[in-house]
Structure formats: C-alpha cells, structure tokens
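Biologist: I should like to learn how to read the features of a structural model. May we take them one at a time, beginning with contacts?

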Amino acid sequence: MNTKSYLRRALCLSLLSALSFSSALVAQDNMPNNAAQNIDNLTLDLSNVTVSGLSSGGYMATQFQLAHSDWVTGVGVIAAGPYFCAQGDITTALAQCVNKVEGEIDLEALNQKAKQYEADGKIASLSNMKDAKVWLLHGTRDTRVVADVSNLLFEQYKKWTDTQNIVYVNDKPFAHLFPTQDKGISCVMSDNPFIGDCDYDAAGAMLSHLVEGISAPDDTLSGKLHSIDQQKIAGSNAKTLASEGFVYVPESCAKGETCSAHISFHGCNQYADAVGDAYTTQTGLNEWADDNNIVVLYPQTKKSLFMPLNPQGCWDWWGYASSDYANRDGAQISAVKQLLFSLNSGSSSTKPVGDASE
C-alpha cells in the first residue's frame with residue numbers, strides 16, 4: 001500500500017471512530033421470533049413517504065429525501081449535518097462534518113451542488129422542498145456530531161423549506177443516540193446500541209410533525225417484523241448492504257388496508273449484526289406505525305474491512321460506495337428505493353423474522 005492510500009485508509013478509520021461507535025457484535029439469533037404473516041400483497045401509498053435516520057443514517061435520510069422529494073415529503077434527522085457536507089472527500093468529512101468544524105463551511109457551495117444535481121436530473125426538483133416537513137434533533141451532550149454541524153443543516157433547510165414546516169429540537173441533554181421514552185442505555189452515554197432511555201419519545205415527536213393526523217399509540221403491537229432479501233431485490237446496487245433488511249408491518253397493512261411508508265436509516269454500528277433487534281424494535285417507531293397504518297422499512301448496511309472500507313457499517317455520506325452517493329444515481333439510494341417499491345409489488349423475497357424456512 002502506498003503512502004497516499006495508507007493515509008486515506010487511516011483518515012477513514014478516524015472518521016468512522018468519531019461517528020460512534022464501539023463495536024459490539026450481537027448474533028442474529030437475538031432477532032424476534034414472530035409468527036407468520038403474509039406481506040406479499042401490501043398496498044402502499046408511495047406518493048407520500050417519510051424518512052428518518054441517526055448520524056450517518058441522518059445524512060442518508062437527507063440525501064434520500066432530496067433525491068426523491070417528489071414523493072418523499074418528510075424527513076427526520078438526528079445528529080447529522082448539511083447535505084453534501086463531505087463533498088465526496090473523506091478528509092473534508094473528518095475536518096468539518098462530525099466532531100469539529102475546521103474553518104468555515106461554505107453552505108452556499110453545498111446548496112449549489114444540489115442545484116447542479118437538480119439541473120442534471122439527479123435529484124428531484126428543489127421546489128418540492130418548500131412544503132416538505134422537516135424535523136431535526138441535536139442533543140446538548142452530543143460530542144460525536146457537534147452542534148455547529150447540526151446547526152448548519154438547520155440553516156440549509158431554511159433555504160429550501162418554509163420555516164413553519166421545520167422543527168429543530170436542540171435543547172435536550174441527550175448524547176449521541178436515538179432518544180426514547182424508556183428503552184436503551186443512559187441518555188448521557190454514546191454507546192452501543194445508541195438508543196437512550198431519555199424520557200423523551202423522539203419517534204413520536206418526529207412522526208407527529210411529519211405525518212398529518214397521526215394519533216398516539218396504545219400499549220400493544222398487532223404487527224410483525226419481517227426480513228427481506230436485500231441482495232435478491234436490489235442486485236448490484238446492494239453490494240455494500242447486508243444480506244437481510246427488515247420491515248415492520250402492522251396487522252391492518254398485512255390484511256390489505258392501504259398504508260403509508262416510513263424508511264428508518266440506522267447509524268454506524270447500529271446494523272443488525274452489531275445490535276441485534278435493538279434498532280428495529282426499541283426506537284418507538286413500530287409502536288407509532290402500528291396504530292397509524294405505517295409500514296416501516298429498516299434497510300441494513302454491513303461492515304467491510306476491505307475496499308470499499310466501512311468497518312462500522314455506516315451509510316455512505318462521503319462516497320465510499322459510489323461517486324453519486326448523494327443523488328438518486330447512487331448505489332445505496334437506488335437500492336433502498338428498490339427495497340421500498342418491492343414491498344408494493346408482491347415480492348417473494350420476504351419472510352417473517354425467525355422463520356427457519358427458506
């Protein structure tokens with residue numbers, strides 16, 4: 001390995017460490033063992049999809065929403081920075097987009113990149129952003145992604161979206177994690193599985209802003225968590241993704257009722273091989289989805305110790321998987337779209353989690 005390649009690899013590893021994340025491997029056997037439920041004939045309204053994510057998943061949520069803002073109408077971001085912050089370069093990502101901001105970030109230059117992608121037909125029209133619903137959160141005890149970075153995302157969205165449609169929660173004493181009412185670790189810790197017992201229902205606060213007419217859930221779940229074959233569905237676009245993704249399906253949706261869809265992007269070291277079912281069952285998203293006819297897609301990355309280097313299973317927000325990582329030609333964005341649309345087409349590549357049958 002030459003000096004340049006070595007330095008690039010070292011910088012990449014430093015960035016991934018800054019983004020979170022002690023490694024803790026948990027076997028897939030910890031995924032829930034749910035009874036069979038047919039999801040081959042879901043009827044989804046894909047004209048009004050919402051997305052969300054934490055950290056690298058937050059960066060991906062913004063990228064996915066801009067790529068498809070003609071049908072992705074709401075986005076929730078926890079602890080992430082502005083669109084195209086890394087500018088396709090790992091050194092820029094490390095210097096300005098995570099735990100520090102060296103120098104001044106030219107937000108207008110980042111916005112111009114979005115305009116260039118729009119002109120090239122690589123993202124949907126930015127005019128769609130005017131009426132989009134945006135929910136942002138940054139904890140005051142989060143040092144993994146500093147406040148200056150999240151503040152820039154807020155400023156960026158204000159350039160595109162009516163301010164009345166933006167909520168920015170930045171006064172809560174949360175570390176770098178997904179805050180919940182009563183699940184996870186101490187709220188002041190940034191550690192596996194990066195879900196915190198914060199006496200704060202981030203999933204409910206977010207979905208209540210993004211989804212019109214949503215109602216508070218009861219204490220029971222009618223639906224099931226299912227696995228989907230990401231490789232079979234998305235093919236070559238899924239080469240940096242795990243074999244399995246997951247989808248939560250309320251009973252009403254499984255029985256044929258028309259349902260909406262939400263995509264939730266985990267953070268680094270929150271993929272299923274690292275945290276088991278923690279991210280797919282403990283954030284509170286399933287409870288809200290269950291009583292509001294929302295199918296939740298949980299796409300999954302995987303770690304890689306070889307090129308493209310991704311040892312902590314982060315979503316691509318700096319270009320490790322594709323030079324088009326931030327637009328709809330990008331491999332991961334294309335793959336997730338394929339996963340979502342496959343749920344609406346009678347895909348046979350799904351099965352209940354815990355089902356031993358192939």
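Modeller: Certainly. Two residues are in contact when they have heavy atoms within 4.5 Å. Please bear in mind that this is a predicted model. In helix α4, Leu107, Leu110, Asn111 and Ala114 meet Leu152, Glu155, Gln156, Lys159 and Trp160 of α5. The residues of this contact divide into five nonpolar, two polar and two charged.

Biologist: How is the arrangement of α4 and α5 described, and at what angle do their axes cross?

Modeller: The axes of α4 (residues 107–119) and α5 (residues 147–160) come within 11 Å and cross at roughly 50°. That makes α4 oblique to α5. The crossing in which α4 passes α5 is right-handed.

Biologist: Which residues does Leu110 touch, and is Leu110 buried or exposed?

Modeller: Burial is judged by relative accessible area, and under 20% counts as buried. Leu110, which lies in helix α4, has 2% relative accessibility and therefore counts as buried. Leaving aside residues up to four places away in sequence, Leu110 touches Pro82, Tyr83, Phe84, Cys85, Gln87, Ile105 and Gln156. The C-alpha atoms of Leu110 and Ala86 are separated by 9.4 Å, with their positions 24 residues apart along the chain.

Biologist: Let us turn to the other partner of α5. At what angle do the axes of α2 and α5 cross?

Modeller: The axes of α2 and α5 come within 13 Å and cross at roughly 15°. Angles under 35 degrees count as roughly parallel, and that makes α2 roughly parallel to α5. Here α2 passes α5 in a left-handed crossing. From α2 the contact takes Tyr59, Thr62, Gln65 and Leu66, and from α5 it takes Val149, Leu153, Tyr157 and Trp160. These residues divide into six nonpolar, two polar and no charged.

Biologist: How many residues of helix α12 are buried?

Modeller: Nine of the twelve residues are buried, so that α12 is mostly covered. They are Ala331, Gln332, Ile333, Ser334, Ala335, Val336, Leu339, Leu340 and Ser342. The elements against which these buried residues pack are β1 (49–54), α2 (56–67), β8 (224–229), α7 (230–234), β10 (260–265) and β11 (294–298). As for its length, α12 (residues 331–342) reaches 16 Å from its first C-alpha to its last, close to the 16 Å expected at 1.5 Å a residue.

Biologist: Strand β1 is among those elements. Which residues does Ser52 touch?

Modeller: Ser52 is in strand β1. Not counting residues up to four places away in sequence, Ser52 touches Gly57, Ala61, Gly76, Met206, His262, Ile263, Ser264 and Phe265. With a relative accessible area of 1%, Ser52 is buried.

Biologist: What is the phi of Ser55, and where is Ser55 placed?

Modeller: The phi of Ser55 is near 60°, a positive value in a residue other than glycine. Ser55 belongs to the loop between β1 and α2. Its relative accessible area is 0%, so Ser55 is buried. Phe194 also has a positive phi, of about 60°, although it is not a glycine. Phe194 is placed in the loop between β6 and β7 and, at 1% relative accessibility, counts as buried.

Biologist: Which peptide bonds are cis?

Modeller: Among them is the bond from Asn192 to Pro193, with omega near 5°. Pro193 lies in the loop between β6 (185–186) and β7. A cis peptide bond also joins Met307 and Pro308, with omega about 0°. Pro308 has its place in the loop between β11 and α12.

Biologist: What surrounds Ile195 in strand β7?

Modeller: Strand β7 covers residues 195–197 and includes Ile195. Ile195 touches residues including Leu177, Phe178, Ile185, Gln270, Ala278 and Tyr279. Gln270 is 75 residues from Ile195 along the chain, and their C-alpha atoms are separated by 9.4 Å. The relative accessible area of Ile195 is 0%, so this residue is buried.

Biologist: Finally, how many helices and strands has the whole protein?

Modeller: The protein has twelve helices and twelve strands. Of its 358 residues, 58% count as buried. Among contacts between residues at least 6 apart in sequence, 74% join residues at least 24 apart.

How values were computed
Residues numbered from 1 in each chain as written. Predicted model: local features only at pLDDT ≥ 70, side-chain atom pairs only at ≥ 80, totals over all residues. Heavy atoms only, no water. Axes fitted to C-alpha atoms, helices over the stretch in contact; angles between N-to-C directions. Helix = DSSP H or I, 4+ residues; strand = E, 2+ residues; numbered from the N terminus. Parallel < 35°, antiparallel > 145°, perpendicular 65-115°, else oblique. Left-handed = near helix turned anticlockwise from the far one by under 90°. Nonpolar A, V, L, I, M, F, W, Y, C, P; charged D, E, K, R; others polar. Expected span 1.5 Å × (residues − 1). Buried < 20%, exposed > 50% of the residue type's maximum accessible area, 1.4 Å probe, protein only.
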